[in-house]
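Grab the model and work through these exercises with the viewer open. Each one has a task, then a solution in steps.

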Amino acid sequence: MFDVPYWLWIAFVATVVVSLVVDLLAHRSAHVIGFKEAAAWSGLWVGLALVFGAVVFLVLGGTAGTEYTTAWLLEKSLSVDNLFVFALIFAYFKVPRAYQHRVLFFGVIGALVFRGVFLAAGVAVVSRFTAVLFVFAAILFYSVYKILKGEEESFDPGRSFAVRLLRKVVPVRDTYAGPKFFVKEAGKRVATPLLAVVAAIEAADLIFAVDSVPAVLAVSDDTFIVYTSNAFAILGLRALYFMLSGLLDRFHYLSKGLAIILGFIGVKLILQATHKMVSPSVPEIPSLVSLAVIVVVLAASVILSLRRAPDATTGGDAGSPEEEEALTPPRGRQQDSR
């Protein structure tokens with residue numbers, strides 16, 4: 001555990017709150033987000049994460065800085081799977097593109113809260129029961145098996161627990177009412193499908209946390225490091241989705257790369273647990289080696305995917321005719337084609 005000064009926690013919270021407020025104000029009017037706008041925001045989120053990493057490096061030292069960077073990059077790479085699910089959910093509920101940022105904004109807030117709870121619980125369990133690392137490793141190996149065998153669990157947005165629970169708590173109408181989550185009908189307050197979409201997004205994040213939390217705990221067991229790295233990775237998810245929404249199907253080798261990364265992290269967990277429980281002579285994988293492996297595998301996956309699809313295009317800017325047509329909800333509900 002690192003001796004984190006209180007002012008660094010305060011600086012982190014202030015940075016996240018100010019960033020969310022600025023983001024909300026910048027997107028207060030519903031509009032289709034084009035590639036250039038998404039790329040600019042994505043660059044801003046990445047830059048902010050790296051600047052904070054530099055602060056961690058200067059204040060807490062090189063080990064903390066390396067662990068933060070490794071955890072952030074690991075979470076960033078694993079979160080790409082979330083983007084496919086976002087696309088599936090938006091297609092299922094036929095969400096107009098102008099309202100998708102609003103949905104993801106509230107989805108991010110929920111993810112920040114839930115991840116904080118899960119990571120705090122994970123750190124507490126690991127500090128008391130080192131053997132749980134073997135369980136985490138088994139979870140990651142099972143995820144690798146599913147990815148390589150093409151047996152990843154499909155996600156049905158309409159039948160997720162969160163959406164079914166929402167429908168029991170409050171009536172949900174069939175049509176949208178602009179960017180509103182609630183409207184009044186016959187004197188009663190009812191939810192719009194947009195609220196159901198937020199519930200589906202939150203349910204998806206809970207599913208992905210099963211892989212994400214054990215993986216990041218293999219990098220560090222410090223609450224500050226694991227949560228701040230997760231938070232900055234989550235903050236950049238929306239911009240990354242809008243930047244890559246037209247290119248997701250072209251990353252053919254990304255799932256294989258993620259499988260390699262998860263397998264490597266699983267081995268790292270086993271070595272850590274064995275080192276602590278069996279014999280100190282069992283070597284552990286240094287954070288710098290973990291960072292190098294993640295960077296190389298992720299870069300190779302992206303490069304090989306782009307070489308396979310050299311004609312990939314980035315699409316037009318916001319407001320283009322093609323994107324305006326996307327405001328019209330497609331007919332029918334698309335199924336998960338992953």
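**Exercise 1. Work out how strands β1 and β2 pair.**

Solution. Start with the pairing: β1 (residues 182–185) and β2 (residues 188–191) run antiparallel and are joined by four bridges. Strands count as paired if DSSP finds at least two bridges between them. Next, pick out partners: F182 is bridged to A191 in β2, and E185 sits opposite K188 in that strand. Finally, look at the turn: the two strands make a hairpin with two residues between them, and A186 in the turn has a positive phi of about 55°.

Before going on, a word on the ground rules. This is a predicted model, where local features need pLDDT of at least 70 and side-chain atom pairs count only at pLDDT 80 or more, while totals for chains, interfaces and linings use all residues. Residues are numbered from 1 along each chain as its sequence is written, and side-chain values use heavy atoms, with hydrogens and water left out.

**Exercise 2. Take stock of the whole chain and its confidence.**

Solution. First, the inventory: 13 helices and two strands, where helices (H or I, at least four residues) and strands (E, at least two) are DSSP runs numbered from the N terminus. Then burial: 50% of the 338 residues count as buried, meaning under 20% relative accessible area with a 1.4 Å probe and protein chains only (exposed is over 50%, partly exposed in between). Now contacts, that is, heavy atoms within 4.5 Å: of those with a separation of 6 or more, 79% are between residues 24 or more positions apart. Last, pLDDT, the predictor's confidence in each residue from 0 to 100: the chain averages 82, and 88% of the residues score at least 70. Over residues 311–338 the value drops below 50, and this stretch has 43 contacts in the model beyond near neighbours in sequence.

**Exercise 3. Describe the setting of helix α9.**

Solution. Check its length: α9 (residues 223–235) has 13 residues and spans 18 Å from first C-alpha to last, close to the 18 Å expected at 1.5 Å a residue. That expected span is 1.5 Å times one less than the number of residues. Now its surroundings: twelve of the 13 residues are buried, so α9 is largely enclosed by the rest of the structure. Among the buried ones are F224, Y227, N230 and L235. What covers them includes α1 (6–26), α2 (35–60), α3 (62–78), α5 (100–128), α8 (193–217) and α10 (237–244). To finish, look at the N-terminal end: D222 caps it, with a side-chain oxygen 3.0 Å from the backbone nitrogen of F224.

**Exercise 4. Trace the packing around L112, F105 and T70.**

Solution. Begin with the largest nonpolar core, which has 102 residues, with F93 and L112 having the most contacts inside it. The largest share, 15 residues, comes from α8. (A nonpolar core is a set of buried Ala, Val, Leu, Ile, Met, Phe, Trp, Tyr and Cys residues joined through side-chain atoms within 4.5 Å.) Leaving out residues up to four places away in sequence, L112 touches V16, L20, Y227, A231, I234 and L235.

Move to F105 in helix α5, buried at a relative accessible area of 5%. Beyond neighbours within four places in sequence, F105 contacts L20, D23, L24 and R238.

End with T70 in helix α3, buried at 0%. Not counting residues up to four places away, T70 touches V219, S287, S290, L291 and I294.

Conventions. A polar contact is a pair of N or O atoms within 3.5 Å; within protein, one must be able to donate a hydrogen and the other to accept it, and residues adjacent in sequence count only if both atoms are side-chain atoms.
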